[in-house]
Amino acid sequence: MKTVLTYGTFDLLHVGHINLLRRAKALGDRLVVGLSTDEFNAGKHKEAYHSYEDRKIILEAIKYVDLVIPEKSWEQKVEDVKKYNVDVFVMGNDWEGKFDFLKDYCEVVYLPRTAGISTTKIKHDLALEGENQ
């Protein structure tokens, strides 16, 4: 069994998230998703609209996702790769090169992002819409 691992906040779920999860799952048999906790996001000065618990429920309902684990720190990735017997680590190509240190433990793949969509863009568009009302 080939295990794939990715990480993210996965807030305001959109087609870009689904594309990433679908393509990541296609690289193996089992997809593990490290989901950023609210506390970890706060340390990054990032706030999700949905709570960790709600984002976890949403991810678990997606057919490509086999297991959701909490992402509590930047440093846990090597430990997770070992613990879950990860063969392939996947991130969006906006992180290109940032996780190459994991190549000592598994294959590292950076997938192209879906053009024209991001959580940041959705939040920006919603803020503009609110200003225009």
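**Strand order, helix packing and side-chain contacts**

Not counting residues up to four places away in sequence, threonine 3 touches Arg30, Val32, Tyr84, Asn85, Val86, Asp87 and Val88. The model in which these contacts occur is a predicted one. Threonine 3 belongs to strand β1, which covers residues 3-8, and its side chain makes a polar contact with the side chain of arginine 30 at 3.4 Å. With a relative accessibility of 4%, threonine 3 falls among the buried residues, because buried means under 20% relative accessible area.

Strand β1 is part of an open sheet of 5 strands, whose order is β3-β2-β1-β4-β5 and whose pairing is parallel. Strands β3 and β5 (107-111) stand at the edges and have a single partner strand each, so one side of each is left without a neighbour in the sheet. On average, and with direction ignored, neighbouring strands of this sheet are turned by 25 degrees against each other. The pairing of β2 with β3 is in the parallel sense and extends over 5 bridges; within it, serine 36 has glutamate 71, in β3, as its bridge partner.

Helix α1 packs on this sheet, where it touches β1, β2, β4 (88-92) and β5, and its direction makes about 140 degrees with that of β2. Helix α3, in turn, lies across β2 and β3 and runs at about 165 degrees to β2. The buried residues of α3, which spans residues 52-60, are Tyr52, Arg55 and Leu59. These residues cover an arc of only 65 degrees around the axis, and they are therefore placed on the same side of α3. The elements against which the buried residues of α3 pack are α1 (15-25), β2 (30-36), α2 (38-43) and β3 (67-71).

Salt bridges in the model come to a count of 6, and three of them are described here in turn. One of the salt bridges is formed within helix α3, where the side chains of lysine 56 and glutamate 60 meet at 2.6 Å, N to O. Lysine 56 and glutamate 60 are separated by about one helical turn, because they are 4 residues apart in α3. Both ends of this salt bridge are partly exposed, lysine 56 with a relative accessibility of 25% and glutamate 60 with a relative accessible area of 42%.

Glutamate 71, the bridge partner of serine 36 in β3, also takes part in a salt bridge, in which its side chain meets that of lysine 77 at 2.7 Å, N to O. In this pair, glutamate 71 counts as buried at 3% relative accessibility, and lysine 77 is likewise buried, with a relative accessible area of 1%.

A further salt bridge joins the side chains of arginine 113 and aspartate 94, at 3.0 Å from N to O. This pair links distant parts of the chain, since arginine 113 is in the loop between β5 and α5 (119-131) and aspartate 94 is in the loop between β4 and β5, 19 residues apart. Arginine 113 is partly exposed, with a relative accessible area of 43%, and aspartate 94 is also partly exposed, with a relative accessible area of 45%.

Two loop residues are described by their backbone angles. Most residues other than glycine have a negative phi. Leucine 12, by contrast, has a positive phi, near 45 degrees, although it is a residue other than glycine. Leucine 12 is placed in the loop between β1 and α1, and it is buried, with a relative accessible area of 18%, because the limit for buried residues is under 20%. A positive phi, near 50 degrees, is likewise found at asparagine 85, again a residue other than glycine. Asparagine 85 lies in the loop between α4 (77-83) and β4 and is among the residues that threonine 3 touches. At a relative accessibility of 57%, asparagine 85 counts as exposed, because exposed residues are those over 50%.

Note on methods
Residues numbered from 1 in each chain as written. Predicted model: local features only at pLDDT ≥ 70, side-chain atom pairs only at ≥ 80, totals over all residues. Heavy atoms only, no water. Buried < 20%, exposed > 50% of the residue type's maximum accessible area, 1.4 Å probe, protein only. Helix = DSSP H or I, 4+ residues; strand = E, 2+ residues; numbered from the N terminus. Arc of directions from axis to C-beta. Contact = heavy atoms within 4.5 Å. Polar contact = N/O pair within 3.5 Å; in protein donor to acceptor, adjacent residues only side chain to side chain. Pairing = 2+ DSSP bridges. Axes fitted to C-alpha atoms, helices over the stretch in contact; angles between N-to-C directions. Salt bridge = Lys/Arg side-chain N within 4 Å of Asp/Glu carboxyl O.
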